[in-house]
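Good morning, and thank you for the time on the agenda. I would like to take you through one structure, beginning with its sheet and ending with its surface.

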Amino acid sequence: MNAADSHIGMIAGEIHDSTVYFVLPDAPPDEKYRVGVAYLRDGVPLRAREFINEARALGHDNAEVRFHWALAMLSKRSYRDLTVDERELLISTSHSSETLLVDDWSRSLGAVHDLLSCLGDTGSDPEYALRQLAELPQPQRDQIVRHLDLVLTGSLKDRFWAGIRRNAAETRSSMNRENRVWAYFEVPPSKPRTRKPEPSRVTRRDRVRALLGELVAALGAGYLAKTVLVAARPVPIAAYLLAAIAAHYAIQSGFHWRYQVRRLAVRERQFRKRAESGSPGGFARNVSDSFDHYFHRYAPDKVHRATWLAETAGVRAALRNEIVDVYRDQRITVDNVKWLIRYCTRDVRAKWRNDTLFEHRKRYRASAKTKTICVLSATTFACMAAYVVAAALDSDLLLTLVAALLFMVGTAISVPAWSFIVSERRRGTEDTRDYWDVQNARRQEFERWSLKLERIRPLETEMENWLNADKTIVLDEALKHYRLAWRDVLTHAFLQTPAENSRRARVTGGPYRYSNYDIRLFLITLDGVREVTTGLDFEHIKLVYLERTNFRFDAVSSVHVVTPTELSCNLALTLMNGEPRDIHVSSYVPADNLSNGVEGSVVKMSLDAAGFAHTLHILEGIAAEGKHWIERDPYLTKPTSSLHEELSSTT
């Protein structure tokens, strides 16, 4: 990848439900202030200013509120970025705060004012302001050092840099980061679904047919019963009773045998089906690829992998077809159901190891007992029925033959019909029971997986702290490489942009965060601009490449913002001796399904979190005025030569 021209292949983002930024329009001012502080803490000062200003306008105003308001005004901005009105507002707010009750918040606000006074008056001694800052409680001091990162430059920052660097090194890998960040970008799992049992195929015609056949058979059997009873011969009567008992067992065992044979055949056909390929990039194809991936990944061991894959091919296809069918009508991607694919794969592996994967072959295998009972009872019935008919022929040949014919026709109609009806009822009962067993197991896995994601997913504050620590390490590496001290750096700017093919996610109301970043650092010194670009694998805490570019102030030809649409932003930086370098900063993907009016807000927040405004301000100033841009700095008003001499004398 060439970091100079960053064009993004973005994986659609996820939105996690969260109430951290939720506030009703008519909420009390202290609640709006709370949300404003949350935005400030999580790296979105623009939104923080909006909420804190609204809270102050509604009467919620004290030293703590003013302190966080001042930090929101200065966070991710240099003193140069402030308008004249904003500087005056900061000064007036600090002066009016002198009447407030003296506590940690008022002293912290005073320390911010003293630091700004040092910047406005280059002849002042910053020692008092730095001492005031050092004496503050750690929570307030850390907030000032963090949010005034672009304000405290030069010698003001030298005092705290060692601590900042040490804290960043500790923070980068804190809170089990490497094992938790993945959960932030994990797609929310879709609720479990299972293929519902096939509805009963029994129709009214089947029931009528069974009843009519049964009635016809009963008429024939009834006449034969009357005949043998009237004849009053004990042997035919006994034969008739024995035939009735044998018929009962023959029908019962025959129904059971036939049901098992058919169910086994159905299950075997299911496991012989091939998985549908689906169109490239489509949901069906992605599900197939995921099943292939996880069945290889979760293979019991390398020795038996080939056997495992061969024996489970049909099961894999059946599960794949089921998931495609039950989720096809939803707006769901394969990432939403990967949890289910993994669970199904592990479940198949457990059954394969326990030799229960093909349990249906045992479950629906007709036993020798069933077969023996069916054959013997059917044979007994045939013999006894023939004897009863022969005995009845002595009474009335014609009527006996008619009765026997009615019995045989009725039986031929009713027995298959009743067999189908009984089988469907039994199938429905079994399928329903199996459905709920599978659905409950999947629901438990869904709850387990959802709870795990919720438990380990990092908070916005943690994500922001880790990113700030990463950027601090990048800054430290750049200073070491160029052998620069902070007194050599007039100002600096960070621009964090999404790397190619990075995953992205955000909480409701928050900016997008990415699994991979391109981090650009611009160090502005008296001699020119030093640009360092590094790729950050945020999840695995790795800097994957490093590029350095140096150029003089007069080498910058132009800087302008390219906005192909309202919802995307590119920065084009052109040097005198090179082609324009397009830097993709932010974009909105329609698949995020944001409501109207929200898209622009998300992009604006993402730009604010990326440090876009400050970076653009610096580069535009350099492109427009070159080295003279330094002379207009509100807190570096000395001529460049004097500055250089002063810096040389101090070194």
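Let me start with helix α21 (residues 612-625), which lies across β2, β5 and β6 and runs at about 125 degrees to β2. Before going further, I should say that this is a predicted model, in which local features need pLDDT of at least 70 and side-chain atom pairs count only at pLDDT 80 or more, while totals for chains, interfaces and linings use all residues. Residues are numbered from 1 along each chain as its sequence is written, and side-chain values use heavy atoms, with hydrogens and water left out.

A few terms for this part. Helices (H or I, at least four residues) and strands (E, at least two) are DSSP runs numbered from the N terminus. Contact means heavy atoms within 4.5 Å. Axes are lines fitted to C-alpha atoms, for helices over the stretch in contact, and angles run from 0 to 180 degrees between N-to-C directions.

A second helix, α19 (residues 460-482), lies across β2, β5, β6 and β7, at about 45 degrees to β5. The sheet itself is open and has four strands, in the order β2-β5-β6-β7, with antiparallel pairing. Its edge strands, each pairing on one side only, are β2 (491-498) and β7 (542-551). On average, neighbouring strands of this sheet are turned by 15 degrees against each other, direction ignored. Pairing here requires that DSSP find at least two bridges between two strands. Between β5 (residues 516-525) and β6 (residues 528-537), which run antiparallel, there are ten bridges. Isoleucine 524 stands opposite valine 529 in β6.

I turn now to charged side chains. How many salt bridges does the structure hold? The count is 39, where a salt bridge is a side-chain nitrogen of Lys or Arg within 4 Å of a carboxyl oxygen of Asp or Glu. For burial, the terms are buried for under 20% relative accessible area, exposed for over 50%, and partly exposed in between (1.4 Å probe, protein chains only).

One salt bridge joins arginine 316 and aspartate 292, at 3.5 Å from N to O. This pair links distant parts of the chain, from helix α14 (residues 313-327) to helix α12 (residues 283-297), 24 residues apart. Arginine 316 is buried because its relative accessible area is 16%, whereas aspartate 292, at 35%, counts as partly exposed.

Another pairs arginine 363 with glutamate 430, with the closest N and O atoms 3.8 Å apart. Here arginine 363 in helix α16 (residues 359-363) is linked to glutamate 430 in helix α18, 67 residues away. Glutamate 430 has a relative accessible area of 9% and is therefore buried; arginine 363, at 26%, is partly exposed. Both residues belong to a network of salt bridges that also includes Arg201, Arg263, Arg267 and Asp434.

Finally, the surface. Val208, Leu212, Leu215, Leu219, Leu398, Val402 and Leu406 form a nonpolar patch there, with about 640 Å² of accessible area together. Such areas come from the Shrake-Rupley method with a 1.4 Å probe, and for residues only the protein chains shown count as cover. Patches are made of residues with over 30% relative accessible area and no salt bridge, like charges being joined within 9 Å and nonpolar side chains (Val, Leu, Ile, Met, Phe, Trp, Tyr) within 5 Å. Helices α10 (204-231) and α18 (397-456) each supply at least two residues of the patch, and α10 gives the most, with four. Valine 402 lies in α18 and counts as partly exposed because its relative accessibility is 40%.
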